[in-house]
Amino acid sequence: MNWFERALELAERGRGKVEDHPLVGAVLVRDGEVVGEGWYEFAGVKHAETIALEQAGERARGATLYVTLEPCSHRGRTPPCADSVVAAGVARVVVGALDPNPVVDGRGVARLREGGVEVEVLDSVAARRQNEAWRTWKSLGRPFVTYKVAVTLDGHVAVPGSRWVTGEESRRLVHELRAASDAVAVGMGTVRADAPRLDARDVGATRQPRRLAFGRGPLPEGSELELRSGPLEEELRRLAGDGVRSLLLEGGPALATAFLAADLVDKLLVFVAPTLGGVGPRFVGDLARPAPLTGLSATRVGPDLLIEAYVHDV
């Protein structure tokens with residue numbers, strides 16, 4: 001069994017519960033047998049490594065710890081995990097990704113090595129992307145920005161005579177994306193044209209995202225959106241200060257172009273419908289320079305194709 005993949009699976013159990021902390025999973029293995037497992041869920045609960053160590057007890061001595069994120073080396077709400085790993089006599093630690101938090105940032109790995117522990121850092125793409133919003137929030141001081149758009153095969157954002165571009169399955173997935181985001185936003189052009197609600201509906205959402213409109217007001221009477229009229233980078237920093245770690249953009253071409261031109265988009269989610277629109281605006285305007293993409297993947301969603309790509313990898 002791939003023990004690191006198991007640690008990633010455990011980390012996912014904390015999704016939606018960790019608040020301003022990262023997802024972390026840990027697996028302790030000795031002589032080919034799991035002797036302890038743990039994951040982080042919310043403030044006041046022990047860290048994943050500590051839970052796994054307590055499960056293992058004396059069996060942690062000489063074991064290998066697989067952990068998705070670098071163990072902390074500072075005292076915060078809990079004692080330093082790196083110190084606990086050394087004290088337990090763990091022989092080897094396999095770390096999925098370094099912690100971009102300035103108070104950690106390699107110090108956990110250094111503490112382990114100082115304590116005589118063998119350390120391997122995988123720099124795993126899966127581990128980094130598992131915490132992509134948190135990593136951006138910590139390292140750049142702004143939310144991780146995902147631009148979502150529905151387009152025809154020839155790149156248009158509307159189909160003449162139809163309310164929708166994509167199918168029902170894609171539209172449901174958008175509501176799931178909203179439910180998983182701290183904030184959702186459109187531009188004022190979309191507000192005036194469509195009066196969007198931007199809430200997550202019919203997907204069992206336990207909370208609703210903040211709903212924003214970027215641009216010059218005023219908002220239409222009765223709108224429940226929050227107007228953000230300042231420079232984009234300043235507004236993103238203010239949102240980050242309020243604890244917004246992930247922002248889903250659903251605006252039209254003007255908003256997409258503004259964010260891309262300011263280099264403030266991290267990921268693209270492009271829902272492509274099996275339709276030729278023929279006329280109308282395309283999903284992004286002219287850019288001063290190309291924007292190379294990485295991590296390209298494609299998934300069928302009903303009759304549509306969802307293309308995912310990163311502008312900035314985490």
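Two strands are said to pair if DSSP finds at least two bridges between them. With that in mind, good morning, and let us turn to the model, which is a predicted one.

I begin with strands β11 and β13. Strand β11 covers residues 267-272 and strand β13 covers residues 304-310; they run antiparallel and are joined by six bridges. Within this pair, leucine 269 stands opposite glutamate 308 of β13. As general background, the strands of a sheet pair through backbone hydrogen bonds, and the pairing is either parallel or antiparallel.

Both strands belong to an open sheet of eight strands, ordered β9-β8-β7-β10-β6-β11-β13-β12, in which the pairing is mixed. At the edges of this sheet are β9 and β12, the latter spanning 294-301, and each of them pairs on one side only. From one strand to the next, the twist averages 25 degrees. Helix α7 packs on this sheet and touches β6, β7, β10, β11, β12 and β13, while its direction makes about 160 degrees with that of β11.

Helix α7 also leads us to the largest pocket. What is the volume of the largest pocket? The value is about 1200 Å³. Its lining consists of 39 residues, and those nearest the centre are Lys148, Trp164, Arg178, Asp194 and Glu250. Several elements, namely β6, α7, β7, α8 and α10, each supply at least two residues of that lining. The largest share comes from α7, with seven residues.

I now move to the second sheet. This one is also open, has five strands in the order β2-β1-β3-β4-β5, and shows mixed pairing. Its edge strands are β2, residues 33-39, and β5, residues 118-121, each pairing on one side only. Neighbouring strands here are turned by 15 degrees against each other on average, direction ignored. For an example of pairing within the sheet, consider β3, residues 64-67, and β4, residues 92-95: these strands run parallel and are joined by four bridges. Leucine 65 stands opposite valine 93 in β4.

Two helices deserve mention here. Helix α2, residues 48-56, packs on the sheet and touches β1, β2 and β3, with its direction at about 145 degrees to that of β2. Helix α1, residues 3-11, lies across β1, β2 and β3, and runs at about 145 degrees to β1.

Next, helix α9, which spans residues 232-241. Which of its residues are buried? They are Leu232, Glu235, Leu236, Leu239 and Ala240. Viewed down the axis of α9, these buried residues fall within an arc of 140 degrees, and therefore they line one face of the helix. The general reason for such a pattern is that an α-helix has 3.6 residues a turn, so residues three or four places apart point the same way. The partners against which the buried residues of α9 pack are α6, β6, β8, β9, β10 and α10. Following α9 is glycine 243, whose phi is positive, near 95 degrees.

The loop between α9 and β10 holds arginine 245. Is arginine 245 buried or exposed? Its relative accessibility is 16%, and because buried means under 20%, arginine 245 counts as buried. Leaving aside residues up to four places away in sequence, arginine 245 touches Glu19, Asp20, Ala133, Trp137, Pro143, Phe144 and Asp182.

One of those contacts, glutamate 19, has a backbone feature of its own. Glutamate 19 sits in the loop between α1 and β1, and its phi is positive, about 55 degrees, although it is not a glycine. With a relative accessible area of 53%, glutamate 19 is exposed. Alanine 195, in the loop between α8 and β8, also is not a glycine and has a positive phi of about 45 degrees. Alanine 195 counts as exposed at 57% relative accessibility.

Another backbone detail concerns proline 218, found in the loop between β8 and β9. The peptide bond from glycine 217 to proline 218 is cis, with omega near 5 degrees.

I close with alanine 158, in the loop between β6 and α7. Alanine 158 is partly exposed, at a relative accessible area of 37%. Apart from residues up to four places away in sequence, alanine 158 touches Thr152, Val165, Gly277 and Val279. Between the C-alpha atoms of alanine 158 and cysteine 72, which are 86 residues apart along the chain, the separation is 48 Å. Thank you for your attention.

Definitions and conventions. Residues numbered from 1 in each chain as written. Predicted model: local features only at pLDDT ≥ 70, side-chain atom pairs only at ≥ 80, totals over all residues. Heavy atoms only, no water. Buried < 20%, exposed > 50% of the residue type's maximum accessible area, 1.4 Å probe, protein only. Arc of directions from axis to C-beta. Contact = heavy atoms within 4.5 Å. Axes fitted to C-alpha atoms, helices over the stretch in contact; angles between N-to-C directions. 1 Å grid on protein atoms, 1.4 Å probe; cavity = no way out; pocket = protein on both sides within 12 Å on 5 of 7 lines; lining within 4 Å. Points joined across faces, edges and corners; volume = space filled by probe spheres on them.
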